[in-house]
Amino acid sequence: MTGQCLVSIFSLLFGDKMLSLGLNTTSAAVVMNTMMAVMQFSGLMMGPLLKKFSTRRVAFSGGCLIVAGVLLTSFANSFIHIIITYSIFIGLGSGLVSPSGFIAVKSYFVKARGRAVGMSMAGGNLGQMAMPHLVRFLLENYGFSGAMLVLGGVAMHGPMGSLLFHPLEWHAERRPVASELKPLKDDGAVANEQPTKVLKPRRFASVTSLATSELGDMSEAIPVDHSKRLPPTSEEDPSPVQQKHQSAWRRVIAFMDLDLLQNWVYLNVMFGTACMVAAAINFSLLLPLYLQRHLHLSLSDTALCLTMIAGGDFVGRLTVPSFTDRFKIKPRLTFFVGAIVTGLTRSAIAMSSGMVALCVWNAVSGFSRGAAVVNVNLCVTEVCPEHKLPAAIGFNMVSCGIMLLTIGPAIDAVMKGAGTVDYELVPPDGGWGWIIVLAAAIGNVS
């Protein structure tokens with residue numbers, strides 16, 4: 001929750017600090033863009049890391065990076081210092097914590113999975129609503145360095161909380177396997193009276209090894225959805241001869257699960273969800289400017305509109321997963337509806353000028369956005385094998401980073417070059433929200 005809040009409170013936290021260092025808004029944009037790029041492209045490491053280490057260890061390491069970044073930034077006295085400690089450390093830590101947390105929460109639930117994921121994401125949204133007020137209080141009373149040190153202490157709850165991500169096999173009930181069962185004599189006595197040595201589950205055993213090892217049949221304790229599976233590849237189960245002559249490139253493909261990119265359904269979902277995330281981020285960045293420059297709203301009225309969006313988002317993340325779990329609605333259908341309603345409400349915001357109408361449409365827009373965003377990773381889960389889920393989520397993060405760095409600025413440049421619209425009067429989604437929403441919807445229909 002703290003790592004997510006550090007993105008939304010950047011302007012409030014670093015406003016005066018940037019001025020004291022003689023830095024302009026361009027430098028602030030570089031810091032934020034670098035942080036987002038590092039966060040998204042760290043997804044390339046998720047698959048290999050979670051193959052080598054447990055989710056608990058990866059989340060703990062990411063939390064420690066966030067804590068180190070916040071504490072070291074409190075002593076920042078140059079632009080390069082901020083880039084290294086805030087953008088790289090916190091960006092990398094957030095990129096490790098977010099998918100690890102989703103995978104850990106998902107592994108604990110089957111029937112109420114959507115509700116559990118929604119509640120975990122709603123916690124981050126609640127933090128974004130409360131953190132600006134805490135930051136303002138800390139800056140007024142302790143200054144920039146003191147505020148960063150206190151936030152570092154708050155961020156330390158992250159690594160401690162990640163220690164609660166116990167692997168499922170630590171608490172799963174085991175059943176005896178055939179090798180532990182002894183034949184009975186005619187009188188019902190056991191043929192071999194020597195007690196069978198019962199092995200305890202290894203604390204760091206993987207789910208796959210646990211289900212197939214001597215520890216017992218865990219297929220019921222650790223349910224796995226076999227309905228969605230990729231076609232088997234030669235990299236997944238190579239014969240000894242194939243493994244001996246396996247090229248370096250094929251080993252890279254197998255280690256990083258690059259064969260996921262051959263699944264067109266997964267590519268569809270990856271493209272659609274990346275478009276939705278890119279639209280949501282650009283909308284959040286441009287909406288305050290649109291409200292103040294075009295509609296000439298005061299700071300208090302602008303803050304009220306932003307609060308309505310955050311409140312609607314929070315309610316959507318809490319309530320929609322409960323509804324979809326109750327009526328067995330698939331995540332991709334929920335994402336589809338949420339993306340369409342988000343596009344419609346953003347258009348309504350662009351055509352509204354009254355304060356009441358703006359508050360209503362912003363609240364509905366936040367609700368639909370929360371309903372869509374909470375299903376982003378669940379859409380990926382629906383179309384990829386369980387054992388490839390970390391790599392699939394990592395590739396999805398990379399696609400979001402590519403979309404943020406390319407599509408938005410490219411369409412913005414085309415609009416400026418055409419000269420047909422006043423840049424300050426474009427709708428708050430940057431003029432390309434509908435393209436993104438339609439792409440997101442099409443990408444998730446199949």
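Is E386 buried, partly exposed or exposed? I began with this residue and found that E386 counts as partly exposed, at 27% relative accessibility. I note here that the model is predicted.

**Entry: K106 and E386**

I looked for the partner of E386 and found K106, with which E386 forms a salt bridge. The closest N and O atoms of this pair are 2.4 Å apart. I then placed the two residues: K106 lies in helix α6, residues 79-108, and E386 in the loop between α16 and α17, so the pair ties together parts that are 280 residues apart in sequence. I checked the accessibility of K106 as well. K106 counts as buried because its relative accessibility is 2%, and the limit for buried is under 20%.

**Entry: D257 and K388**

I stayed with the loop between α16 and α17 and turned to K388, which lies in that loop. K388 forms a salt bridge with D257, and I noted 3.1 Å between the closest N and O atoms. D257 is in the loop between α11 (248-256) and α12 (264-294), so this salt bridge ties together parts 131 residues apart in sequence. I looked up the accessibility of both partners. D257 is buried at 4% relative accessibility, and K388 is buried with a relative accessible area of 2%.

Which residues are linked with D257 and K388 in a network of salt bridges? I found K51 and D259 there, so named beside D257 and K388 in the network. 

**Entry: helices α14 and α16**

I moved on to the packing of two helices. Helix α14 covers residues 331-350 and helix α16 covers residues 376-383. I noted an angle of about 140° between them, with the axes 8 Å apart. The crossing of α14 past α16 is left-handed.

Which residues of α14 meet α16? I listed P331, R332 and F335 on the α14 side. On the α16 side I listed V376, L378, C379, E382 and V383. By type, the residues of this contact divide into 6 nonpolar, no polar and 2 charged.

I then looked at E382 and R332, whose side chains meet in a salt bridge at 3.3 Å, N to O. E382 belongs to helix α16 and R332 to helix α14, so the pair ties together parts that are 50 residues apart in sequence. I found E382 buried at 13% relative accessibility and R332 buried at 11%.

How many salt bridges does the structure hold? I wrote down 7.

**Entry: aromatic pairs**

I turned last to the aromatic rings and noted a count of 3 aromatic pairs. One of them is formed by F14 and Y86. I recorded 4.8 Å centre to centre and 75° between the planes for F14 and Y86, an edge-to-face pair. F14 lies in helix α2, residues 10-20, and Y86 in helix α6, 72 residues apart, and the pair links distant parts of the chain. I checked accessibility here too, and both F14 and Y86 are buried.

F323 and F327 also form an aromatic pair, which is tilted. For F323 and F327 I noted 4.8 Å centre to centre and 50° between the planes. F323 is partly exposed, with a relative accessible area of 47%.

Which residue joins F14 and Y86 in one aromatic cluster? I found F144 in the cluster with F14 and Y86.

How values were computed: Residues numbered from 1 in each chain as written. Predicted model: local features only at pLDDT ≥ 70, side-chain atom pairs only at ≥ 80, totals over all residues. Heavy atoms only, no water. Axes fitted to C-alpha atoms, helices over the stretch in contact; angles between N-to-C directions. Helix = DSSP H or I, 4+ residues; strand = E, 2+ residues; numbered from the N terminus. Left-handed = near helix turned anticlockwise from the far one by under 90°. Contact = heavy atoms within 4.5 Å. Nonpolar A, V, L, I, M, F, W, Y, C, P; charged D, E, K, R; others polar. Salt bridge = Lys/Arg side-chain N within 4 Å of Asp/Glu carboxyl O. Buried < 20%, exposed > 50% of the residue type's maximum accessible area, 1.4 Å probe, protein only. Phe/Tyr/Trp six-rings, centres within 6.5 Å; stacked < 30°, edge-to-face > 60°.
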